[in-house]
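Let's take a walk through this one together, starting inside the protein and ending at the ligand. Have the viewer open as you read.

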Amino acid sequence: MLGTTEVGIESIGVAVGSGSVKLEALAAARNVPPSKYVDGLGTHTMSVAMPSEDTVTLAAQAATRALGNAGVDVGTVGLLAVGTETAVDHSKPVASFVQGLLGVPSRCRVFETKHACYGGTAAMLLALDWVRSGSARGKKALVVCSDIARYGIGTPGEPTQGAGAVALLISDRPSILRIDPATAGVFAKDVSDFWRPLYSKDAFVDGHYSVQCYLDALGGAYLHHRELVGANDAPARFSDRYAALAYHVPYGKMARKAHRHVRSLDGDDAGDDSFDRLVGPSLALPAAVGNVYTGSLYLALTSLLLESKVDLAGKPVGLFSYGSGSCAEFFTGTVGSEAQDRVRRLAIPELLASREDLSIAAYEDVMRARETLDESSGEGRVLHSHHPFRFTGVRDHKRVYEL
Ligand code: CAA
């Protein structure tokens, strides 16, 4: 087992908040032209977590789907990590609740990781090394990226909210994506572009500055990656070597700006020409779900595998993860032969269609209810969620979940 070189994503599972808001309706309520949200930002619908859903229930649901999709027993999991920036406790990790709900055995490393939207990628890259080094002793890692993006009613960030989780089963059988950790380019810089103080349920963001920070970090990580693959004097349009690219997607337009930046670093100032071909398929699910923070890049990857009209098996793809604050990584992988079939079997279009389309008044009620959700016993609360895992309230200062 020592020195395993083939490592990556064996299977994926996706969960989304079971409510949704159409951005056209939100725009009308905020007196904004709908085209600003739909075309200007590139998102048409955002998922909303209902009161019986939180980071834990979304993570448990996504993890169940990832295990089910691969036909893997929970007993094979030897590392369970949840990357999140919407933690439910300062001490107890989301991963421990997930362990309990799924029945993951005790001989398992269980922990949470945080670095804004990069937190899940950090856990995944550590998990890859854990498998590659032989420390896994034949076990698999379950890495779940789970978040509820929340900026508050009437803020510029409001149309870029979302709620969801993406679980990644990491092993030496990378049926979805074999990842090449050795050429992952990294970039980190202490900036205050987006943050959420301990006392606040809503994130604070310096919106336009955060866009610039994202692009700076992308440039740094991408150039590092090019250097690592020995392409300092990169041929023009270096990124054409990839069959597709998936970027972190806070909103679709950001991925367009990201791609234009990569192409300009490739010496191609007509970056938009290759956008539909290389990036387009990765944006369908993010446009229908919104920003899911840690899971965003992996939702984009799922979208790529679901929406691409091309057979991607054996083809290389580039991925970019950005976490405000900041840390970013540009890494690459090769699509597995079963990847597109497996993702189709997840029935994600049906999952999205099953969401409850909320009126703006109902969505605002949910937003206000979340203010006190983490302190209330939940008595009398209507359990809207169609998920099998439910957060029922806080009793004796303990969060209570039911199946
Ligand atoms: N029709 C079509 N397009 C329109 C339009 C209309 N009627 N009106 C405006 N637009 C376009 C604008 O031209 C603009 O496009 P460009 O960027 O290409 O110029 C786009 O719509 C957005 O318009 P504004 O910039 O005026 O919008 P805003 O200032 O109200 O808010 C935002 C935009 C700053 C991104 C805000 O949504 C925000 O703060 N979002 C949260 C922060 C964020 O997502 N940052 C991304 C980088 S950080 C990151 O990635 C980490 C993370 O996940 C948070």
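What follows looks at the nonpolar cores and then at the ligand site.

Keep in mind that this is a predicted model. Start with the inside: in soluble globular proteins, nonpolar side chains tend to be buried together. Here the largest nonpolar core has 95 residues, and the members touching the most others are Ile9, Met124, Ile170 and Tyr247. Pick out Ile9 and look around. Leaving aside residues up to four places away in sequence, Ile9 touches Met124 and Leu301, along with Leu168, Leu169, Ile170, Pro174, Ser175, Ile176, Leu177 and Ile179. Apart from this core lies another, made of 37 residues, with Ala15, Ala62, Val74 and Ala165 among them.

Now for the ligand. Where does it sit? The ligand is in the second largest pocket, with 25 residues around it. Closest of these are Lys36, His208, Ser210, Lys253 and Lys257.

Zoom in on the polar contacts. His208 puts a polar side-chain atom 2.8 Å from a ligand oxygen, and in Lys253 a side-chain N or O atom is also 2.8 Å from an oxygen atom of the ligand. Ser210 pairs with nitrogen instead: one of its polar side-chain atoms lies 2.9 Å from a nitrogen atom of the ligand. Overall, the protein covers 73% of the 1000 Å² of accessible area that the ligand has on its own.

Key. Residues numbered from 1 in each chain as written. Predicted model: local features only at pLDDT ≥ 70, side-chain atom pairs only at ≥ 80, totals over all residues. Heavy atoms only, no water. Core = buried A, V, L, I, M, F, W, Y, C linked by side-chain atoms within 4.5 Å. Buried < 20%, exposed > 50% of the residue type's maximum accessible area, 1.4 Å probe, protein only. Contact = heavy atoms within 4.5 Å. Near = heavy atom within 4 Å. Polar contact = N/O pair within 3.5 Å; in protein donor to acceptor, adjacent residues only side chain to side chain. Areas by Shrake-Rupley, 256 points an atom, 1.4 Å probe, with all protein chains shown as cover. 1 Å grid on protein atoms, 1.4 Å probe; cavity = no way out; pocket = protein on both sides within 12 Å on 5 of 7 lines; lining within 4 Å. Sits in = over half its atoms within 2 Å of the grid points.
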